[in-house]
Amino acid sequence: MSRILLLGKGGQLGATLLPHLQTLGTVTALGRDQLELSQSDQIAAVVADYQPEVIINAAAYTAVDRAETEAELAQRVNGDGPGKLAASAAAQGARLLHISTDYVFNGHQGQPWQEGDDTQPLSVYGRTKLAGEQAVRAALPEAHWILRTAWVYGTQGQGNFVKTMVRLGQTRKTLRVVQDQVGSPTWVEDLAAAVVALVRLGDRAPAGTYHYTNSGVASWYDFAIAIFEEARALGLPLAVQTVQPIPTCDYPTPAHRPAYSVLDCQKITALLGHPAPHWRESLRIMLKDYLQTLAKEVGQ
Ligand SMILES: NC(=O)c1ccc[n+]([C@@H]2O[C@H](COP(=O)([O-])OP(=O)(O)OC[C@H]3O[C@@H](n4cnc5c(N)ncnc54)[C@H](OP(=O)(O)O)[C@@H]3O)[C@@H](O)[C@H]2O)c1
């Protein structure tokens with residue numbers, strides 16, 4: 001049984017991970033109020049206090065658009081904090097599993113991104129996450145796992161695309177959704193299972209960078225259509241009648257996002273011995289659970 005320190009316990013991934021990690025050992029889960037990643041001078045003392053064998057960093061500054069105007073804070077949380085965490089892990093002889101993102105790539109490619117492909121982030125968020133990766137590799141070369149993922153959704157934590165579509169689909173007749181950004185929607189439960197599998201493998205999972213998303217590819221438009229089809233099939237009354245595919249230029253955002261975000265997941269598939277579920281299958285399972293929860297809330 002391992003001593004595990006989990007950061008970001010209230011986030012989408014952190015909250016999902018917590019119960020699964022508890023099957024692997026003794027888990028200490030911290031929120032921002034217990035460990036503020038932007039205060040990197042506090043990190044070493046907190047890590048030393050808990051003496052973990054494995055640290056999982058599911059905390060990050062994830063407000064992609066706001067980061068464009070809060071670059072310094074995003075860098076402290078996503079870049080400097082993880083570097084300090086890795087150095088603290090090295091001092092304790094602990095491993096660090098650090099979560100990163102498809103946004104380290106520029107999206108100007110027509111085939112899935114491999115772990116070793118050149119990075120070129122288009123946004124402040126992407127640049128700061130890349131800085132975090134680099135700092136983690138430098139401080140803990142032999143004992144890090146960097147797990148890049150993309151398009152994450154689940155029932156826990158704050159909003160995500162699925163929750164937004166379910167909400168809007170119940171009130172709006174027409175929706176416009178971007179069709180020229182392509183990626184792999186990833187259910188946070190599947191991502192959490194991959195994290196647990198890596199931790200369980202321990203020494204048998206070589207240090208380095210891995211990509212993990214659900215299988216298959218979709219545009220945001222495809223994803224929205226699938227959400228509405230699955231939600232209708234599950235009996236959710238929806239107002240939406242038309243989903244209009246639009247180009248990114250018709251939906252301007254402060255941060256630029258990669259057009260082609262599909263990650264090549266062969267490396268982790270070989271390690272785990274099975275491919276990730278297809279995104280549509282996972283979406284169906286998530287929606288069943290989420291819509292039941294919503295129905296209970298309405299009934300209360
Ligand atoms: N969501 C996606 O689509 C996506 C895609 C690719 C990669 N990722 C990566 O996946 C990881 C998990 O993302 P997520 O979707 O679970 O994000 P999330 O729901 O936004 O959760 C982020 C967590 O980080 C915590 N946090 C934020 N600022 C902090 C700070 N200064 N100090 C300490 N903790 C702080 C938050 O705490 P509070 O609850 O107190 O705010 C929250 O618990 C992140 O590394 C993210 O970059 C996410």
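**View 1. A salt bridge joins E53 and R3 in this predicted model.** The two side chains meet at 3.6 Å, N to O. E53 sits in the loop between α2 (43-50) and β3, while R3 belongs to strand β1, so this contact ties together parts that are 50 residues apart in sequence. Have a look at how open the two partners are: E53 is partly exposed, with a relative accessible area of 34%, and R3 is also partly exposed, at 40%. A search of the whole structure finds 10 salt bridges, and two others have views of their own below.

**View 2. R3 has a bridge partner in the neighbouring strand, T26 of β2.** Here we stay with R3 and turn to the strand pairing. Strand β1 (residues 2-7) and β2 run parallel and are joined by six bridges.

**View 3. Six strands form an open sheet with parallel pairing.** Following the sheet across, you will meet the strands in the order β2-β1-β3-β4-β5-β10. The edges are held by β2 (25-30) and β10 (208-211), each with a single partner strand, so one side of each is left without a neighbour in the sheet. On average, neighbouring strands are turned by 20° against each other, direction ignored. Helix α6 (residues 188-201) packs on this sheet and touches β1, β3 (54-57), β4 (95-101) and β5 (144-149). The direction of α6 makes about 165° with that of β5.

**View 4. I56 and L147 have the most contacts inside the largest nonpolar core.** This core has 68 residues, and α6 supplies the largest share of them, nine residues. Leaving aside residues up to four places away in sequence, I56 touches I4, L5, L6, L7, L17, L21, L97, V195 and V199. A second core, separate from this one, has 27 residues, including L5, I43, V46 and I146.

**View 5. R148 and E133 form a salt bridge between buried residues.** Their side chains meet at 2.7 Å, N to O. R148 comes from strand β5 and E133 from helix α4 (residues 124-139), so to speak a link between distant parts of the chain, 15 residues apart. Do compare the surroundings with those in View 1: both R148 and E133 are buried, whereas E53 is partly exposed, as is R3.

**View 6. E229 and R280 bring two helices together through a salt bridge.** The side chains meet at 2.8 Å, N to O. E229 lies in helix α7 (residues 220-233) and R280 in helix α9 (residues 279-299), so the pair ties together parts that are 51 residues apart in sequence. E229 counts as partly exposed, at 43% relative accessibility, and R280 is partly exposed too, with a relative accessible area of 23%. Widen the view a little and the pair becomes part of a network of salt bridges that links E229, E230, R280 and R284.

**View 7. C249 is exposed, whereas C265 is buried.** For C249 the relative accessibility is 63%, and for C265 the value is 14%. If you are wondering about sulfur links, the count of disulfides comes to zero, judged by whether two cysteine sulfur atoms lie within 2.5 Å.

Notes. Residues numbered from 1 in each chain as written. Predicted model: local features only at pLDDT ≥ 70, side-chain atom pairs only at ≥ 80, totals over all residues. Heavy atoms only, no water. Pairing = 2+ DSSP bridges. Helix = DSSP H or I, 4+ residues; strand = E, 2+ residues; numbered from the N terminus. Axes fitted to C-alpha atoms, helices over the stretch in contact; angles between N-to-C directions. Contact = heavy atoms within 4.5 Å. Core = buried A, V, L, I, M, F, W, Y, C linked by side-chain atoms within 4.5 Å. Buried < 20%, exposed > 50% of the residue type's maximum accessible area, 1.4 Å probe, protein only. Salt bridge = Lys/Arg side-chain N within 4 Å of Asp/Glu carboxyl O.
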